[in-house]
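Here's a friendly walk through a structure that may be new to you. Take a look at it first, and then we'll go through some of its parts.

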Amino acid sequence: MKVFQADGMLNIPKWNIFKVSLLRELLILKRNSPVQIFKTVQITFLAFVLATLFFRTEMKHDTIFDGNKYMGALFMAVAAVNFNGMAELTMTVNRLPIFYKLRELLGLPGWAILLSIFLLSIPTSLLESGLWTFSTYYAIGFAPSPIRFLQQLLVLFMMHQMSMSLYRLLASIGRTQVMANMLGTEALIAMFILGGFIISKDDLQPWIRWGSWASPFTYSLNAVALNECLDNRWTTICTLQAITDGTTQVFYYKNAKTTGEAILKVRGLRNEWHWYWVCVGVLLGFSLVFNILSEHCFGIKPRKIQDIEYIEQVQGGWKASINQGNLPFQPLTLVFSHINYFVDTPK
């Protein structure tokens with residue numbers, strides 16, 4: 001009978017450990033293919049609904065009020081991509097018990113699992129963000145430029161990666177479905193409120209304005225807004241027309257030379273082009289930081305609540321011996337007193 005020590009995994013090369021973990025996650029991905037298919041159908045259906053809501057024949061690009069419609073479509077794109085990545089919350093929570101067994105029995109490191117998950121999530125993110133962009137970009141009527149199409153796809157891809165990394169981190173912190181859902185909901189509400197669309201950054205109180213810079217929604221929304229509003233069709237001069245005898249006024253925003261810059265400043269967003277690449281870099285940084293923190297959370301062992309000593313048991317000529325076990329909960333004893341049990345006599 002061979003006995004495998006827990007530290008035996010340390011003698012295996014790290015590259016072999018990573019390959020085994022990658023093949024295991026690939027097998028799990030194939031097994032969970034119905035979930036991936038459902039996510040793909042879901043985001044395609046949401047893209048179709050949004051495209052019919054903001055159809056290109058009804059979308060103009062002359063005034064700031066027209067720009068607000070485009071900002072609504074861009075916000076819905078960012079929100080839908082983020083919601084699509086929220087499925088990682090449940091999948092990670094369900095994966096944790098198996099990982100803890102592999103870690104305790106075989107010494108499997110957390111970085112091997114997380115790196116495998118991260119690499120296999122890249123094609124999934126590219127597929128889902130690509131389906132959204134292909135389904136909505138022309139139907140809504142965004143900037144007619146192939147380069148700007150690819151730039152919007154890049155932002156949505158980075159947002160999807162950040163979303164999956166964030167919910168993976170929250171799942172590794174919560175470790176239970178209830179706690180993970182609570183943390184995910186709170187994080188989602190905070191990102192929505194501080195993202196710069198529901199409430200402009202300039203309208204926030206000074207003591208909470210730092211939360212806008214800490215929200216990934218701020219950078220994703222700013223990047224897609226820059227990509228759209230700095231197009232040539234938004235370069236019309238924004239002038240001020242006085243109101244006389246009830247005539248219609250032209251909306252004007254101070255210090256804005258073009259309509260596109262005025263749209264960005266109304267929302268409290270940056271209007272310099274180099275901020276597009278800054279936002280993309282920040283989203284990439286969020287994704288890397290969340291994955292690193294998830295690796296550390298995976299390495300933290302669950303708190304021992306009570307250890308139980310098992311003795312040798314002999315049954316049917318077989319002898320089983322277990323030295324020590326660990327219960328992940330506090331065992332309780334329930335005792336009933338003065339219980340009367342009776343059956344009515346048939347009449």
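To talk about how helices pack, we need axes: these are lines fitted to C-alpha atoms, for helices over the stretch in contact, and angles run from 0 to 180 degrees between N-to-C directions. Helices (H or I, at least four residues) and strands (E, at least two) are DSSP runs, numbered from the N terminus.

A quick word on the source: this is a predicted model, where local features need pLDDT of at least 70, side-chain atom pairs count only at pLDDT 80 or more, and totals for chains, interfaces and linings use all residues. Residues are numbered from 1 along each chain as its sequence is written, and side-chain values use heavy atoms, leaving out hydrogens and water.

Overall, the protein chain has eleven helices and four strands. Of its 347 residues, 44% count as buried (under 20% relative accessible area, 1.4 Å probe, protein chains only).

Now for a helix pair. Helix 6 (residues 146–174) and helix 9 (residues 216–229) pack at about 170°, and their axes are 9 Å apart. That makes helix 6 roughly antiparallel (an angle over 145 degrees) to helix 9. Where they are in contact (heavy atoms within 4.5 Å), residues including V155, M159 and M162 of helix 6 meet residues of helix 9, among them F217, S220 and V224.

Some of these names come back in the largest nonpolar core. A nonpolar core is a set of buried Ala, Val, Leu, Ile, Met, Phe, Trp, Tyr and Cys residues joined through side-chain atoms within 4.5 Å. This one has 63 residues, and M71, W132, I140, F142, V155, M159 and F217 touch the most other members. Helix 6 gives the most to this core, with twelve residues. Leaving aside neighbours within four places in sequence, M159 is in contact with V78, V81, N82, P216, F217, S220 and L283.

Finally, here are two buried residues side by side.

| Residue | Place | Relative accessible area | Side-chain polar atom to backbone atom |
|---|---|---|---|
| N222 | helix 9 | 5% | 3.1 Å to the nitrogen of R270 |
| S116 | helix 5 (residues 110–140) | 0% | 2.7 Å to the oxygen of A112 |

Not counting residues up to four places away in sequence, N222 is in contact with L269, R270 and C279, while S116 touches F18, S21, L22 and E25. The C-alpha atoms of S116 and L23 are separated by 8.5 Å, although these residues are 93 apart along the chain.

Note on methods: Parallel < 35°, antiparallel > 145°, perpendicular 65-115°, else oblique. Buried < 20%, exposed > 50% of the residue type's maximum accessible area, 1.4 Å probe, protein only. Polar contact = N/O pair within 3.5 Å; in protein donor to acceptor, adjacent residues only side chain to side chain.
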